[in-house]
Amino acid sequence: MRARKSPFPLSLSLSVTVAVAVTVALAAALVLALVPVGGPAVAAASPMSPASPPSLPPRGELQSRLTHLVESEAATAALLRVQDGQDGQDGQHRPAHWSGRAGVRDLASGTPAAAHGHFRIGSVTKTFVATVVLQLVDEGRLALDDPIDRHLPGVVPGGDRITVRQILNHTSGIYDYAHERDYSTNRWRGEARFRTYHPEELLAVAFAHEPYFPPGGGWHYSNTNYLLAGLLVERLTGRPYGAEIQRRILRPLGMVHTSVPGNDPRVPEPHARGYARVDGQDVDATEMNPSLDWAAGEMISTTADLDRFLAALLGGRLTSPASLAAMRETVATGTLFRYGLGLQQVDLPCGRTLFGHGGELLGFLTYAMGDAHGRQATLSYNPYHRKASAEDLMGIFSTAFCPPGGQRS
């Protein structure tokens, strides 16, 4: 399953190798000059709500950068939403935002992509799961430094020496099952992509391998960790982890366009279709049974919903201050980004620090980020013939978050 991740230091995809490689490339771009890109929009930007205040980033440049992804064949469709301020869901406060789109819903019809379209979010799912675990910490159901064996007895080899914290920040050393052939949703799997998987069989694949290192002895991205986090939520609550995400996050925040699909291979309409290159041909990879990802990367959302989620999480409305601080407490990864509890950290050239996550499933790439100034930005695109460069991606996020002129702030 491997929800491959963020091109930006968020990239911790569901495949450590790909994730780290992509992340490092993006992080390297942090020191490069950002060259403006031009060209007409492939699809017009959505109107902003209502009038955009001066604090929002330059819409023209954002649209140009989004359009460039499509015109350079890095994407068939690309969606971007930038939001300033928290959506309090109180019927009163409405944050200023801008939404842009480029490209088409599908290559056959050429219908313009919808700015409010749905997409697979891959490993951004991990941030939702980690948030629920921290809520359970706030409720006194467990502690971050509890051994995982205390709550999932007999499930994890050596689980008496692996803590919940190490599970959430990928310092457990547990092998990533998504590195095994045919166990990654970032690869074309033919008809096998409709097969149903269960967490227990995926854990068996992981535990057939020796750990990367002793618990706490290093950092290695592993989707197996978040299968365990999902099982932890289910053991402590007695309900499916997806039902807890719905009850604790989606419903309270009014995230009606976000779902935990389970075995359903479809993506809700409207959506842009995802493609894979197979034997030199473009193959439609939109539909797949995401149970191979489960709690490590199966969710579906929209740019508006992910902006709302990050505004609430980073704004302190989903956990206690202590739990949010723990989520933002990062460890070194051996790359140019750091990792917390379900959150990736990246520092922009202008001095802004972003927290969020990236995710990838075949045909879909998503990055959802926010800063301490109350701004959120979500980019989702459908990869095409050219791999988006670090300059492409960091250019978008630097334009979205850095003050005019790129000065430090």
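Buried means under 20% relative accessible area, exposed means over 50%, and partly exposed lies in between (1.4 Å probe, protein chains only). The model is predicted: local features need pLDDT of at least 70 and side-chain atom pairs count only at pLDDT 80 or more, while totals for chains, interfaces and linings use all residues. Residues are numbered from 1 along each chain as its sequence is written, and side-chain values use heavy atoms, with hydrogens and water left out.

**Exercise 1. An aromatic pair in a loop**

Task: Work out how the rings of Tyr-183 and Tyr-197 are arranged, and whether these residues are buried or exposed.

Solution, step by step:

- Start with the rule: rings of Phe, Tyr and Trp (its six-membered ring) pair if their centres lie within 6.5 Å; planes under 30 degrees apart count as stacked, over 60 as edge-to-face and the rest as tilted.
- A search of the whole structure with this rule finds eleven aromatic pairs.
- For Tyr-183 and Tyr-197 the centres are 6.1 Å apart and the planes make 65 degrees, an edge-to-face pair.
- Both residues sit in the loop between helix H5 (164-168) and helix H6 (199-207), 14 residues apart. Helices here are DSSP runs (H or I, at least four residues) and strands likewise (E, at least two), numbered from the N terminus.
- Finally, Tyr-183 and Tyr-197 are both buried.

Now try Trp-219 and Tyr-221: their pair is tilted, with 6.4 Å centre to centre and 50 degrees between the planes. Trp-219 is buried at 11% relative accessibility, and Tyr-221 is buried at 0%. Together with Phe-337 and Tyr-339, Trp-219 and Tyr-221 form one aromatic cluster.

**Exercise 2. Tracing the sheet**

Task: Starting from strand S1 (residues 75-84), find its partner strands and then place S1 in the sheet.

Solution, step by step:

- Two strands pair if DSSP finds at least two bridges between them.
- Towards strand S12 (residues 375-383), S1 makes nine bridges, and the two run antiparallel. Here Ala-77 has Asn-382 as its bridge partner.
- Towards strand S2 (residues 96-103), S1 makes eight bridges, again in the antiparallel sense. Here Ala-78 has Ala-102 as its bridge partner.
- The whole sheet is open, with eight strands in the order S2-S1-S12-S11-S10-S9-S8-S7 and antiparallel pairing.
- S2 and strand S7 (331-332) are the edges: each has a single partner strand, so one side of each lacks a neighbour in the sheet.
- Further along, strand S9 (residues 344-347) and strand S10 (residues 353-361) run antiparallel, joined by four bridges, and Asp-347 stands opposite Thr-353 in S10.
- Helix H9 (residues 303-314) packs on the sheet, touching S1, S10, strand S11 (364-371) and S12, and its direction makes about 40 degrees with that of S1. Contact means heavy atoms within 4.5 Å; axes are lines fitted to C-alpha atoms, for helices over the stretch in contact, and angles run from 0 to 180 degrees between N-to-C directions.
- Ten of the ten residues of S1 are buried, so S1 is largely enclosed by the rest of the structure.

**Exercise 3. The salt bridges of Glu-244**

Task: Which residues form salt bridges with Glu-244, and how far apart are the closest N and O atoms?

Solution, step by step:

- A salt bridge is a side-chain nitrogen of Lys or Arg within 4 Å of a carboxyl oxygen of Asp or Glu. The structure holds 16 salt bridges.
- Arg-239 is one partner, at 2.5 Å; Arg-247 is another, at 3.0 Å.
- Glu-244 and Arg-247 are three residues apart in helix H8 (residues 241-253), so about one helical turn separates them.
- Glu-244 is buried, with 0% relative accessible area, whereas Arg-239 is partly exposed at 34% and Arg-247 is partly exposed at 37%.
- Widening the view, Glu-139, Arg-141, Arg-239, Glu-244, Arg-247 and Arg-248 are linked in a network of salt bridges.

**Exercise 4. Checking helix H2**

Task: Compare the expected span of helix H2 (residues 59-71) with its end C-alpha distance, then find what its buried residues pack against.

Solution, step by step:

- The expected span is 1.5 Å times one less than the number of residues.
- With 13 residues, H2 should span 18 Å, and its end C-alpha atoms are 18 Å apart, which agrees.
- The buried residues of H2 include Leu-62, Leu-66 and Leu-69.
- Its buried residues pack against S1, S2, S12 and helix H11 (390-401).
- After H2 comes Glu-73, with a positive phi near 65 degrees.
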